[in-house]
Amino acid sequence: MQMELPEEKIRAIVERVVNRISTQERLSPNASASATPMVFGGGDLGVFEDVDEAVNASTAAFGHFQEYSFDFRKKMIEAIRVACHQQVDLISRMAVEESKLGRYEDKVQKNILAIDKTPGPEVLLTKAVSGDQGLTINERAPFGVIASITPCTNPTETIINNSISILSGGNTVVYCPHPLAKNVCNYMVHVINQAIIQVGGPPNLITTLRAPTIDMAQNLMTHKKVKLLVVTGGPDVVRKAMMSGKKVVGAGPGNPPVVVDETADLAQAGRDIVKGASLDNNIICLDEKELIVVSSVADRLKQEMLNNGAYEIKGWQLKQLEKLMLTEDRGPRRHSVVNKEWVGKDAHKILEAIGVQVDPSVRLVLVETDENHPFVWSELLAPVLPLVRVSNVDYAIKLAKEAEHGFGHTAVMHSNNLEKLSQMARTINTSIFVKNGMAVAGIGFGGEGHTSFTIASPTGDGVTNAWTFTRDRRCAIVERFRIV
Ligand code: NAD
């Protein structure tokens, strides 16, 4: 399904999206055959100049959408999946080029994951209870217009994932993407709207802002027509959304620890940790961020990691790396200030910047540190993994709990001791806990279960799906309709 496109063609497409090609030029012949007007409310396939325009268009679209059947929602979601598949190569390249974060080949896999494993309307099952006094059913209803504020780290993945979930719930959505990834997000919104229109749906079910800013995000948070906020990002944006007085699905930061004990399969652990901690250059919130290993197996684990694409640095090189990666060291066991310039960059480029030349096939920089080191306590969002040796598994679990900062996001353990696996699962108390796999197995990447790019730990919604974006409505029929 994917198209291979040369660099100059990609640039030309980005240019066209930014410079707003005419609506007519963008619409396919099929789309113009639709009875529904293509564009209204001043928009252009969902891309608007200001918050009021976007919210008004979304409100009008919600009015239309309520007239459509549940079966139409299923058909529309399938059309969105097909349209997004056709763009995977392009959007993965655009995202890396625009945001300067991550790896193209990993973004391809992440986009495919979002397209294929975000559940559709089928998760909205009706609950029924019957008895002597009749029948009561609980159905899942839409909220209406939802605002979604999205990160630069998974720009298109979040738009694809949120659009499928939110529209499956019967809502409409107004996006405010991260300014660092606005062009690729505008393009994504354009593609999804086009797919909806082509199967006969109304325009503007999803809308976005052409040049989003923090002020616009804050205006959306307090807009009276917005019924629910979905916020995916760091601590500031989640805190701000919580102050809005609206219902919030808040997906905040993580600092996922990975613990390895003496019973682990070290070959598997070494392979999985390197792959997981370097996936998209570690900008995914649930990628492994610090490694805590029982000392009796630490050297063997290290060797397995070096065999699988990690490169270890020590001594003066570690000092150089600290200077490069942190703009402020806030001291032991505290989150330091991370240098944004190196977020999401390739491991070999980070090493080159401290004077170490390695082959580009190196995916991860491994550094052994003491447990107080700022790399352990800071979300670096880069392929640099601190390794801490500890005397026993109980202490490893205790340290992991502290280093996770109580975010309740994600944690991983490699072990074959069932008792200790259960102990860590209970103690760490995260939305996602992965045993003997990569952290991303917890969002269905090499693991079972559905995916989401909005893991809402602070608000307790966990790995979100269409159910998250619906509200419960009950209907009771008294003294009738029990058939047994
Ligand atoms: P970010 O917080 O800088 O930005 C996220 C979004 O919030 C952007 O659209 C940004 O413009 C907006 N924003 C930021 N501060 C704001 C404020 N004060 N008021 C209003 N809007 C504001 O995050 P990022 O760099 O794009 O993404 C990385 C962060 O997001 C990491 O901390 C990562 O762990 C987290 N994240 C979490 C999840 C999850 O599912 N829990 C998913 C992806 C990213």
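D299, K302, E312, E368 and R389 are linked in a network of salt bridges. The model in which this network appears is predicted. In total, the structure holds 22 salt bridges. The points below describe three of these contacts and then turn to strand β9.

**The pair E368 and R389**

- Within the network, the side chains of E368 and R389 meet in a salt bridge, with a distance of 2.5 Å from N to O.
- This contact links distant parts of the chain, since E368 belongs to strand β14 (residues 364–368) and R389 to strand β15 (residues 384–390), 21 residues apart.
- E368 has a relative accessibility of 27% and therefore counts as partly exposed.
- R389 is likewise partly exposed, its relative accessible area being 31%.

**The pair E402 and R333**

- E402 forms a salt bridge with R333, and their closest N and O atoms are 2.6 Å apart.
- The two residues are 69 residues apart and lie in distant parts of the chain: E402 is in helix α16 (residues 393–403), while R333 is in the loop between β12 (326–328) and β13 (337–338).
- E402 is partly exposed, with a relative accessible area of 31%.
- R333 is also partly exposed, at 29%.

**The pair K420 and D394**

- A salt bridge joins the side chains of K420 and D394, at 2.9 Å from N to O.
- Here two helices are connected: K420 is in helix α17 (residues 418–428) and D394 is in helix α16, 26 residues apart.
- Which member of this pair is buried, and which is partly exposed? K420 counts as buried because its relative accessibility is 14%, under the cut-off of 20%. D394, at 40%, counts as partly exposed.

**Strand β9 and its neighbours**

- In a regular strand the side chains alternate between the two faces of the sheet.
- Both faces of strand β9 (residues 257–260) are covered. P257 and V259 are buried on one side, and V258 and V260 are buried on the other.
- Strand β9 runs parallel to strand β10 (residues 290–294), and 4 bridges join the two.
- Within this pairing, V258 stands opposite L291 of β10.
- Together with helix α11 (residues 266–278), strands β9 and β10 make a right-handed β-α-β unit.
- Strand β9 also runs parallel to strand β16 (residues 410–414), to which 3 bridges join it.
- In β16, M413 is the bridge partner of V259.

Methods: Residues numbered from 1 in each chain as written. Predicted model: local features only at pLDDT ≥ 70, side-chain atom pairs only at ≥ 80, totals over all residues. Heavy atoms only, no water. Salt bridge = Lys/Arg side-chain N within 4 Å of Asp/Glu carboxyl O. Buried < 20%, exposed > 50% of the residue type's maximum accessible area, 1.4 Å probe, protein only. Pairing = 2+ DSSP bridges. Right-handed = clockwise from strand over helix to strand, strands pointing away.
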